[in-house]
Amino acid sequence: MSATMHNLLKIILAGILAGATLPTVMSGCNDCDADECCSPYGYCGTGDEYCGAGCQAGPCNDIDSTPTSPTNVSVSDIVTDTFFDEIMDQAAASCAGKGFYTRSAFLEAADSYPLFGREGSIDDSKREIAAAFAHFTYETDHFCYIEEIDGPSKDYCEEDACPCTAGKGYYGRGPLQLKWNCNYAVVSYDAGFDVLSNPDIVASDPVIAFKTALCIWMDSYDMHWSIVEGYGFGATIRQMSDGWLDCDGGNSTAVNVRVEYYTEYCNRLGVAPGDGITC
């Protein structure tokens, strides 16, 4: 988990314990040293996480913070029924994901993230969609699984970092298999809907399931940025929860399978995979 996410968790925990509604930008950098920046979330430090976009005070980087406007690309024209169904059709008829994951649920969720697939060139749009669906496919085995296998038997609660709701499990759910209470907390903060106190909703509401995945993609891990800035699909693998371990030899098979899905989907969408496809 990145330092930014850890900082967010501190904010989330404080807000939850206080029963407060969290504002978009937090302030709390009165004690920063002269060479430190006040991050968008109210923490002191150096580097892009603190001094980059959204920096509140200190030696902030000169970054254009003008909001980006989405292009006129139609995500629904890229994620066609055929594209979606060809992935889903590879899941067994007995899979829990059959009838849960739908193209319409994905498109409804995507409406909440207007820059997804709509920033940069048309090739960037297609690569981003291919990349996201490559990870969705790997994490859920072609949209077969809604929840992690044997998830309820696994302990994904770290109460020293952020709270856990009594009687709830924080095992993998949704297209990117969101897991750990702290990651549920970050998504609750970033997306603005509460999956920390009600994690089960990710496995019962397909639109929420896709929204959590797109929140991870766009905000929590910012894999969108890696594609638009040209770092390539390999960077998105490294940004996955355990991707840095896989990329450093922990599971080369997982890396290769993700790359295979990505190149396959790029071919389907008629776009070159680009540079940096593996990590």
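This is a short dialogue about reading the disulfides in a predicted model.

Me: I am new to this structure. How many disulfides does a search of the whole structure find?

Reply: Welcome! The general idea is to look for pairs of cysteine sulfur atoms within 2.5 Å. Searching this whole predicted structure that way turns up five disulfides. Let's walk through some of them.

Me: Which cysteine forms a disulfide with Cys32?

Reply: That is Cys44, and the two sulfur atoms are 2.0 Å apart. Because the cut-off is 2.5 Å, the pair of Cys32 and Cys44 counts as a disulfide.

Me: Which parts of the chain does the pair of Cys32 and Cys44 tie together?

Reply: Find each cysteine among the helices and strands. Cys32 sits in the loop between helix 1 (3-18) and strand 1 (37-38), while Cys44 belongs to strand 2 (residues 44-45), so the link ties together parts twelve residues apart in sequence.

Me: And how do I read handedness? Is the link of Cys32 and Cys44 left-handed or right-handed?

Reply: Look at the torsion about the S-S bond. For Cys32 and Cys44 the value is -90°, and the link is left-handed. For a contrast, turn to Cys157 and Cys164, whose sulfur atoms are 1.9 Å apart. There the torsion is about 115°, so that disulfide is right-handed.

Me: Are Cys157 and Cys164 buried or exposed?

Reply: Here you compare the relative accessible area with a cut-off: under 20% is buried, over 50% is exposed, and partly exposed lies in between. Cys157 has 26% relative accessibility, so this residue counts as partly exposed. Cys164, at 17%, counts as buried.

Me: How does that reading go for Cys32 and Cys44?

Reply: Cys32 has a relative accessible area of 21% and is partly exposed. Cys44 is partly exposed too, with 29%.

Me: Where does Cys247 lie, and what does its disulfide tie together?

Reply: Its partner is Cys279, with an S to S distance of 1.9 Å. The torsion about this S-S bond is -90°, which goes with a left-handed link. Cys247 is in helix 11 (residues 243-250) and Cys279 in the segment after helix 12 (252-269), so the pair ties together parts 32 residues apart in sequence. On accessibility, Cys247 is buried at 14%, whereas Cys279 is partly exposed at 32%.

Me: What is the relative accessible area of Cys215 and of Cys266?

Reply: Good ones to finish on! Cys215 is buried, with a relative accessible area of 0%. Cys266 also counts as buried, at 0% relative accessibility.

Note on methods. Residues numbered from 1 in each chain as written. Predicted model: local features only at pLDDT ≥ 70, side-chain atom pairs only at ≥ 80, totals over all residues. Heavy atoms only, no water. Helix = DSSP H or I, 4+ residues; strand = E, 2+ residues; numbered from the N terminus. Buried < 20%, exposed > 50% of the residue type's maximum accessible area, 1.4 Å probe, protein only.
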